[in-house]
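Please examine the structure shown below. The report that follows describes selected helices and then turns to empty spaces within the protein.

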Amino acid sequence: MLATTLSLDARILVVDDNAADGRLMESALVGAGYRRVRVTNEPLAVCDLVSALGADVLVVDMLMPGYNGFGLMQRVRAIAGDDPPAMIAVTSDPAVMGEALESGACDFIAKPINPGEMLARIGNQARIQMSLRKLRSDRELLARELRESEETFWLFADNSPLGMFIRGVDDGRYKFVNAAFRRLTGRDIAPGDPIGDVLRILHPDDLALLAEHIERQPDAVMDQEMRFRHADGAERIGNVHTFPLRDSSGRTAWIGGVVEDVTARKAAENALREAEARYRTLVEQSIAGIYLLDRDFRFVYANPRMCEIMGVAPGTLEGQETLGLVIAEDRDLVRANRAKARSGDTFALRSTYRMRRADGVVVHLSIDAKEIELNGRGVLLAIAQDVTQRESAQAAIAEANERLAALSKRVLAVQEEERRRISRELHDDVGQSLVALRIALHNLRQRVEAKDVELVAHCASVADTIQERVRELSVELVPPQLGELGLADALRWLARRQKTLTGLAIVCRIGTIARFPVPVEVACYRICQEALSNATRHAGAAQIAIELDSDEDAVILTVRDNGRGFDALAMRGQALAAGSLGLISMEERARLAGGSLTMQTGPAQGTIVVARFPVTAAHDERQAAGDRS
């Protein structure tokens, strides 16, 4: 089918001086589907037509008046060169037919012309010619593609990142050397250079190995790592792969080679091995437990210290689920931490759990874990520290602090109770005794002689002074305003008294406040009392402001002065060394009453003391006081 389709496109040129025969052949050919048919009765025009339009099949009347068909065929062959048309002789003379075939005609058509025979003979030659044309075209296309492929290959080879070379077996010279191989060696090797000159770039040990290989198996495949001496003096490492290249007879004519420069990779591998060795030493010798868990929280690896902490031999923990090692009381915490960590973009957790060793002893482990990627999968890297002693010490410290807080609270309560007792004794016993003494002295004054009246009057004056001082001491110990009228009036009285005693500008601003539990009010009063004492005795203040206010969250006491100020940190150290506990006692009073105390000061900056008692603390104290009652 392909030949038939191709033949219909064949260029057919008919030369016949008989116009009727020419029309007959043209009509038959066109009717059969041939599309490129020309008929001429002018033999002299044939060569021009062949030159201009070409011809695949030439049908020639061999006996035309005044022109020989044999000469025409020779001229057409000369014009067509390597691609002559198929020539079919037309004659009625059998002798001419034989001579035409001997002269190069492919076939003949006998006259008178039989259209069927004519179509068959011309069709056969048209199919042959068109098939030959396609074959020549395919061969040319194949040759062009082969040249392009070869050019592409050599271009690829020359630009390959891998070094490549081809050397002759017989002459030992390079046939091809690409740019990468020249870069590897640092030498401008060119085709035709002898390989012996270049072998000097190899390390002596590797050169001997190569020479041995060439001697024993010159055409065998070789894969070997070799060291190259670069022109700059540096050593390069290459993976060398050589293989035989055979000619058409099957003989090894050339040796091909591919060299991969692995210098950087080798350096990286060495650095990696050294780093792995360092990190392995670090992990295995670490004083902290280091381990890896899979996503199911099973041990993938545990270092010797982790095994030591858990009281097991190395390698024993692998495959175990960590939850089984945690004591029952802490497992809910572990589950909650895992769920919380998994809900984030990255898995990370930090917590302290109690775990049971192989010998049954419970240890406290502080664990930090984070998700990392190892060999393409996610694992958890965890670091565990045995904090059992720390936890025990912290528990002991917390217990001691609780006892100390209870003791301090009790000491302050006893102190306040002792103040009240002393105040009552001063007021009731000493005060009443002094009143009785004054009455007795008044009566005695009427009975003594005139010379002793002045002495008795002096004694009465001394008794009055003592009585007044006793009254002041009683008030200082327990101001009656604090219990009867509340904190606000007690602070106003304290401010007025200090102003009277010192002559300083002391102002007291009281906001809208309600009554608070006794411990809170007492703490506020004593803190204010101590702050005023410090400001008047040590700070050299000229102005002092007392502010008491409350909001929805807290009761706030503020004492400001414009004194010289001080370095709070240094002062605290000096106070502890000297046994002066004024600042510390203020902080302790605030803390024991459920509040806090802050101090802002600095050299030449004055001092601000702020005591803050949360409403919840005040409520708790009020409820506790009710429970005690």
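In this predicted model, helix H2 has a face turned away from its buried side, and that face carries the exposed residues Arg23, Ser27 and Gly31. The buried residues of H2 are Asp21, Gly22, Met25, Ala28 and Leu29. Viewed down the axis of H2, these buried residues fall within an arc of 140°, so they line one face of the helix. Among the elements that cover the buried residues of H2 are strand E1 (11-15), strand E2 (36-40), strand E3 (57-61) and helix H6 (115-159).

Two helices may be checked against their expected span at 1.5 Å a residue, as the table shows for H2 and for H17.

| Helix | Residues | Number of residues | Expected span | Distance between end C-alpha atoms |
|---|---|---|---|---|
| H2 | 19-31 | 13 residues | 18 Å | 18 Å |
| H17 | 518-537 | 20 residues | 28 Å | 28 Å |

The two values agree for H2, and they agree for H17. Helix H17 is mostly covered, since 14 of its 20 residues are buried.

The report now turns to empty space. Rolling a probe the size of a water molecule over the atoms shows where such space is left.

The largest pocket has a volume of about 570 Å³. Its lining consists of 16 residues, and those nearest its centre are Tyr279, Arg280, Val283, Leu292 and Leu374. Helix H10 (263-284), strand E13, strand E14 (299-302) and strand E16 each supply at least two residues of this lining. H10 gives the most to the lining of the largest pocket, namely eight residues. By class, the lining of this pocket has twelve nonpolar, one polar and three charged residues.

The structure also holds two cavities of 30 Å³ or more. The second largest cavity has a volume of about 170 Å³. Of the 16 residues that line this cavity, Tyr291, Leu293, Thr322, Arg338 and Tyr353 are the closest to its centre. Strand E13 (289-293), helix H12, strand E15 (348-356), strand E16 (362-374) and strand E17 (377-386) each give two or more residues to the lining of the second largest cavity. The classes in this lining are 13 nonpolar, two polar and one charged residues.

One residue of helix H12 (residues 331-342) deserves separate mention, namely Asn337. Is Asn337 buried or exposed? Asn337 is buried because its relative accessible area is 17%, and buried means under 20%. Leaving aside residues up to four places away in sequence, Asn337 touches Ser351 and Tyr353.

Definitions and conventions
Residues numbered from 1 in each chain as written. Predicted model: local features only at pLDDT ≥ 70, side-chain atom pairs only at ≥ 80, totals over all residues. Heavy atoms only, no water. Helix = DSSP H or I, 4+ residues; strand = E, 2+ residues; numbered from the N terminus. Buried < 20%, exposed > 50% of the residue type's maximum accessible area, 1.4 Å probe, protein only. Contact = heavy atoms within 4.5 Å. 1 Å grid on protein atoms, 1.4 Å probe; cavity = no way out; pocket = protein on both sides within 12 Å on 5 of 7 lines; lining within 4 Å. Points joined across faces, edges and corners; volume = space filled by probe spheres on them. Nonpolar A, V, L, I, M, F, W, Y, C, P; charged D, E, K, R; others polar. Expected span 1.5 Å × (residues − 1). Arc of directions from axis to C-beta.
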